[in-house]
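Reader: Hello, I am new to this structure and would love some company while I look at it. Could you take me through the salt bridges closely, and show me how they sit within the whole?

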Amino acid sequence: MTTLSKEAIIEGLKKIVPGDRIVSEGQALKESSVDRFRKYESICGVWTQPIPAAIVYANSTEEIAKILTFANENKINVVPRNGASATEGGLETVVENSIVLDGSNMKKIIKIDPVNMQATCECGVSLQELDDQCRAMGLTTGHSPQSKPLAQMGGLVATRSTGQFSTLYGGIEDMVIGLEAVFPGGQITRIKNIPRRAAGPDIRHVVIGNEGTLCYITEVTVKLFPYYPDNNEFMGYVLDSMKLGFEILREVMVAGYKPSIARLYDPEDGAYHFSHFANNRCVLIFMSEGPKPIAEATATAIKEIVAKHPECEAVDPMYIQRWFEHLNWDPAKVAEEREEIAQTQNIGHTTEVSIVWSEIAGLYEAVMKRVRAEVPDLTMLGGHSSHSYMNGTNIYFMYYYNLVDIKPEEEISKYHMPIKSIIVEETIKRGGSMCHHHGVGKHRSHWIKEEYGSSYYILETLKQSFDPNGIMNKGSIFPVK
Ligand SMILES: Cc1cc2nc3c(=O)[nH]c(=O)nc-3n(C[C@H](O)[C@H](O)[C@H](O)COP(=O)(O)OP(=O)(O)OC[C@H]3O[C@@H](n4cnc5c(N)ncnc54)[C@H](O)[C@@H]3O)c2cc1C
């Protein structure tokens, strides 16, 4: 990588942006070497990753182009950053003298267009802000990840994020119409906003999900939908078997219904959210929404499907509505969590994967059995399916453990990675994807070749072509050799 000193990198950056937008010392710089994957190390003030040379706050696409040109010419590693809510090490600076290129100042909502039903914004626009403005106009983006108050549009597109209403609106890949991105040589590229295209491959998908390893996303245009909150109908059930729960989710999906929410919690995960009624049982949840006749017909059909399974017991829909209203994470909740971890020495993480219907129950059972048998000090192990499709579903494993007799830097090797490894191994073995929506980051890149099989050729060639000097987010998606 670069032979430039930290001082020379800062001097070079000062020729592009004013010094007051360059952070080159202090706590913020240390915190920029990691993300939530190393939250325990950061809570303890232990920094195991190389501290970056600088954080640079860019105000425009042109500045990003100049910074990437400078970095490319001098082989400096660049870690793109927006809302900093990454969970898989995507923001870790794994080589000395990296630049963290922060786009959170680029927060202009360029246009909300109710005729063409599309909204265009800069990468640093918070999804919460964008969706609030759309809702005030009777519209919505339909995107609702739990990190909605934390994440920004560039990061959401870069990670192929998905939201709580994905069964109806899709993931971000179904929402992005067009975008602007800057490549390492400084090339600014725009993909225009059109309803559909068949002029060759769909190059949006080279950019969506690149996790900052190919290019920097500077502007995004997403679809809009009419917002009908008054028509929402919540449905909730308790039942004893995950296998049956998966089967009911499958029946709803393959019959062609599109509830906005379709979720199944196992007893341990359910107890976490629904202790007041779950009584150690699984919880099945649906929400239908949209124009009144569609919302009503969807709810009626789901109730009919569930009624064919007398093992399911309906619960008061008000419980489900209340749960939903308190699901998202804001900065206060993040601070609260950190405080709790410091006090209790008990910490939780998640891993989300996807697989076809015929394999989901077997995967769930295998992971639960192996993690319980192989990992010490667990205080909670559970999972839920939260995004379903015609051919399969995802499962989001949650796990908490007590930190016993370890130094902060041993949390990952003693607990987190052994659990993640079991989940990834069991998923890939059954033909599933090791990564449903949090991105590969730095900690699932070890399995990237197994994940892709022979199609790794396509992915690797993209990296070699667009980032021949390997300056874009080293270690993410593509493992460091
Ligand atoms: C409490 C919590 C709940 C979450 N819930 C969900 C959820 O429901 N669904 C979901 O999908 N995810 C969820 N996440 C994960 C995370 O919020 C998403 O991955 C989100 O898309 C990240 O957006 P961000 O702006 O914070 O990006 P960042 O954290 O800043 O970056 C994420 C990754 O994208 C790259 N990147 C960032 N900006 C750009 C850019 N402009 N151009 C190129 N690359 C870039 C970074 O290098 C990094 O690899 C959750 C996270 C937390 C902490």
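Author: Happy to. One definition helps before we start: helices here are DSSP runs of H or I with at least four residues, numbered from the N terminus. Please also keep in mind that this is a predicted model.

Let us begin with the whole chain. Its secondary structure comes to 18 helices and 18 strands. The radius of gyration is 22 Å, close to the 23 Å that the globule rule gives for 481 residues, so the chain is as compact as a globular protein of that length. Along the principal axes, the C-alpha trace spans about 70 × 60 × 45 Å. Buried residues make up 56% of the 481 residues. Of the contacts with a separation of 6 or more, 73% are between residues 24 or more positions apart. On the outside, the chain exposes about 19,900 Å², with carbon and sulfur atoms supplying 51% of that area.

Now to the charges. The chain has 48 positive and 60 negative charges, and the mean positions of these two sets are 5 Å apart. A search of the whole structure finds 28 salt bridges. Let me show you three of them.

Start with R372 and E268, a salt bridge whose closest N and O atoms are 3.3 Å apart. R372 lies in helix α15 (residues 357-374) and E268 in helix α11 (residues 267-274), so this pair ties together parts that are 104 residues apart in sequence. How accessible are the two partners? R372 counts as partly exposed, at 47% relative accessibility, and E268 also counts as partly exposed, at 30%.

Next, look at helix α12 (residues 292-307), which holds K292 and E296. Their side chains meet in a salt bridge at 3.6 Å, N to O. Because K292 and E296 are four residues apart in this helix, about one helical turn separates them. K292 is partly exposed, with a relative accessible area of 47%, and E296 is partly exposed at 42%.

The third pair is K429 and E426, with the closest N and O atoms of their salt bridge 3.2 Å apart. K429 and E426 both belong to helix α16 (residues 411-429), where they are three residues apart, about one turn of the helix. Are these two partners buried or exposed? K429 counts as exposed, at 60% relative accessibility, whereas E426 is buried, with a relative accessible area of 3%. The cut-offs explain the two words: buried means under 20% relative accessible area and exposed means over 50%. This pair also has company: salt bridges that share partners join R370, E374, E425, E426, K429 and R430 into one network.

Before you go, here is one stop away from the salt bridges. T69 has its place in helix α4 (residues 61-73), and at 24% relative accessibility T69 counts as partly exposed. Which residues does T69 touch, leaving aside its neighbours within four places in sequence? They are P184, G185 and G186. In that stretch of the sequence you can also find V182, which is 113 residues from T69 along the chain and 9.8 Å from T69 in space, C-alpha to C-alpha.

Key. Residues numbered from 1 in each chain as written. Predicted model: local features only at pLDDT ≥ 70, side-chain atom pairs only at ≥ 80, totals over all residues. Heavy atoms only, no water. Helix = DSSP H or I, 4+ residues; strand = E, 2+ residues; numbered from the N terminus. Rg over C-alpha atoms; globule rule 2.2 N^0.38 Å. Buried < 20%, exposed > 50% of the residue type's maximum accessible area, 1.4 Å probe, protein only. Contact = heavy atoms within 4.5 Å. Areas by Shrake-Rupley, 256 points an atom, 1.4 Å probe, with all protein chains shown as cover. Lys, Arg positive; Asp, Glu negative; His and termini not counted. Charge placed at Lys NZ, Arg CZ, Asp CG, Glu CD. Salt bridge = Lys/Arg side-chain N within 4 Å of Asp/Glu carboxyl O.
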